[in-house]
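Visitor: I am new here and would like a tour. Could you show me the structure and explain the words used for it?

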Amino acid sequence: MAKAPASPKRAPRKSPAKKPPAKSAARKSAAPAAPNRERPAEPDRYTASKDELLEYYRQMLLIRRFEEKAGQLYGLGLIGGFCHLYIGQEAVAVGLQSALDNDKDSVITGYRDHGHMLAYGLDPKVIMAELTGRAAGIAQGKGGSMHMFSVEKRFYGGHGIVGAQVPLGSGLAFAHKYRGDGGVCLAYFGDGAANQGQVYEAFNMAELWKLPIIFVIENNQYAMGTSVNRSSAEDQLYRRGESFRIPGLQINGMDVLEVRGAAEVALDWVRSGKGPILLELKTYRYRGHSMSDPAKYRSREEVQSVREKSDPIEAIKKELEAAGVSAEDMKATDKEIKAIVAEAADFAESSPEPHPDELYTDVLVEQY
Amino acid sequence: MSKGEENKGATTQRNMIQAINNAMDVCMERDDNVCVFGEDVGYYGGVFRATAGLQEKYGKTRSFDTPINECGIIGVAVGMAAYGMRPVAEIQFADYIYPGLDQLVSEAARLRYRSAGEFTSPLTIRTPFGGGIFGGQTHSQSPESIFTHVCGVKTVIPSTPYDAKGLLIAAIEDPDPVVFFEPKRIYNGPFDGHYDTPVLPWSKHPASEVPDGHYAIPLGKANVLREGSAVTMLCYGTMVHVTAAAVEELGIDAEVIDLRTLLPLDMETIEASVKKTGRCVIVHEATRTSGFGAELSALVQERCFYHLEAPIERVTGYDTPYPHSLEWAYFPGPVRLRLAIERVMEDVSGNV
Ligand SMILES: Cc1ncc(C[n+]2csc(CCOP(=O)(O)OP(=O)(O)O)c2C)c(N)n1
Ligand SMILES: [Mg+2]
């Protein structure tokens, strides 16, 4: 369901009736909108090997089971405050990040960040321990659910302020280009974040300076309780880069192979020095915005029908089946993953809180 | 409840959210220049439900959702206000106000001055603030002193449902821009700082009897919550209840003053109290350095220097970002209050 950009689906708005210009006036009618610059290729659905399929399945399942467990720990009061689950969106992080070169490329995202961390193969124990605010957490319990980082994986965080990570992404891309290290930045943000003004400052700079960045809108249709069409004048978000000359692609984010296919095209584009590209991944979150959201702004039926029709994990199971993987093998993987997640939860419950002295560390280098 | 306000008629028991909601309802009913808006404010009724029911009652042009655009929200409010409307914008958490700070500081707060009074900006920004809810660094901050430092904007912080309604009405009707900080820790009940015991609901507190009609509590009038002669306790928001509880537990004859508005500040009440008690403790959740306590301390020292029996004490948050874990080690609770009160009560000769 990848679409070529700039194929307006809607009839252009009628402009208010104007008097025809005087005949004698020199006419310069606007040329019909034709692409006057190169466009990225139409992405193909990725053809994955059996091993790749198995790997995507494992990763997506790990994210799902991890998030389910996090939801339980939250319910038990072991995780406090804010906790945003990634359930339903697994194919996005897995499909995109599987295409990256982990020795070069950087990633940055918002507060719904557990899945992106897990898609890197980071140890679920230290992620879960961050959620419970323990010293062994990946940010020593200082960041919590929304603020996680990994130098090793070039993961520049989880950021709690909506939209703030997008200019940071342009900065990371600037640094990649400046250093000439061949790396690309993948900057994720939500459909709601796509309305923040600073996103467009970041777009403009990125195109102006031809920075190696892939802007990724994870369009899960809602920003808290506000649906895209109640907040966005242009709700075809892949077109949001057009006025900055950033090409956009709209992709089915519920199919890991479509996502991976789009990642290939985007990486080709960016790595060949053509500047930024924008991907809109159409996806859906099954749970409330955060753990404290009763999700009254949408119907149960809506959620149920997405789960039934386009669940990314069910979809890859069918692929696996076609590739000759047995249902028993898939179940065995699930069991294995449940054990990993249970172990992570035990670790996160039993490891100690940070020492109170840690309140004062890392504010600045020195303490004042 | 303080004297001198208009007749209030029938009352209804309300928590803080309901009182705030009712204040907007009353203002919208009386003046169709009043509109409320913000992220998830209209259709959903606000993430804390503060605007629940207003869209049903007043329609989508008077109670509406905005995109996630703090800068745009405040900027649009300034324009509406300049044209004579009375916008009431919600910034969902005070921690998100920074993208809109430029509009507030450079536009809202400066319009009157730079147009020599020709144009004004009578807007109200409501925003939940403060900690104690496990919000971590992006959902717990207390940035009030940033706003008192900007000339041209008023800063209001209620501590009870009764005050919240009366102060919010005053803010909406005020001819100048007001930032109205809502202490979210006490939305449902007067948290006393003992995080390990359940909070009493507002229904058990007399200040939950909120008049149904219109009343305004003048900006710039503090509330003397408890009269006393031993020490003056200056506080606002959540810390009013934490302070009052600590004073009761210690059995000390303190005078507890709820400032209610930081700017304008009721210096008269503060000065009279400190001159009477000779001792002063300032309490806030915000970080200490350049916090509002620093200003209060300077003012008390300027006005009451010869009456002071001991150095002024400040009980505040630590100078660190708000932590994710160790929240209760961070929060300026009963222990830190007791220690400060003990220090301030030491007499000049050094005897306790
Ligand atoms: C500057 C700022 N404004 C508001 C918020 C509160 N907030 C947190 S998430 C969110 C919705 C964001 O929606 P979207 O960008 O679609 O991401 P999703 O939650 O769907 O992943 C809002 C309004 C915030 N964290 N930061
Ligand atoms: Mg969204």
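Guide: Here is a short tour, with the terms explained along the way. This is a predicted model, where local features need pLDDT of at least 70 and side-chain atom pairs count only at pLDDT 80 or more, while totals for chains, interfaces and linings use all residues. Residues are numbered from 1 along each chain as its sequence is written, and chains are lettered from A and ligands numbered from 1 in the order in which they are written.

Visitor: What makes a residue part of the surroundings of ligand 1?

Guide: A residue is near a molecule if its C-beta atom, placed from the backbone, lies within 6 Å of it. Around ligand 1 there are 19 such residues, and the closest are Val162(A), Gly190(A), Gly192(A), Ala193(A) and Ala223(A). The ligand sits between chains A and B.

Visitor: Why is a residue such as Gly called polar?

Guide: Because the nonpolar class is Ala, Val, Leu, Ile, Met, Phe, Trp, Tyr, Cys and Pro, the charged class is Asp, Glu, Lys and Arg, and the others, Gly among them, count as polar. By that rule the shell of ligand 1 holds 9 nonpolar, 6 polar and 4 charged residues.

Visitor: How do you know which residues of chains A and B are in contact?

Guide: Two residues are in contact if their C-beta atoms, placed from the backbone, lie within 7 Å. The contact involves 26 residues from chain B and 32 from chain A. On the chain B side, α3 (70-82) and α11 (327-330) each supply at least two residues; helices here are DSSP runs of H or I with at least four residues, strands are runs of E with at least two, and both are numbered from the N terminus. That side of chain B has 15 nonpolar, 9 polar and 2 charged residues.

Visitor: What makes β3 and β7 of chain A a pair?

Guide: Two strands pair if DSSP finds at least two bridges between them. Strands β3 (213-219) and β7 (277-282) of chain A have 6 bridges, in the parallel sense, so they meet the definition. Within this pair, Glu218(A) stands opposite Leu281(A) in β7(A).

Visitor: Why are β1 and β6 of chain A at the edges?

Guide: The open, parallel sheet has 5 strands in the order β1-β2-β3-β7-β6 (chain A). Strands β1 (106-108) and β6 (248-252) of chain A each have a single partner strand, so one side of each lacks a neighbour in the sheet.
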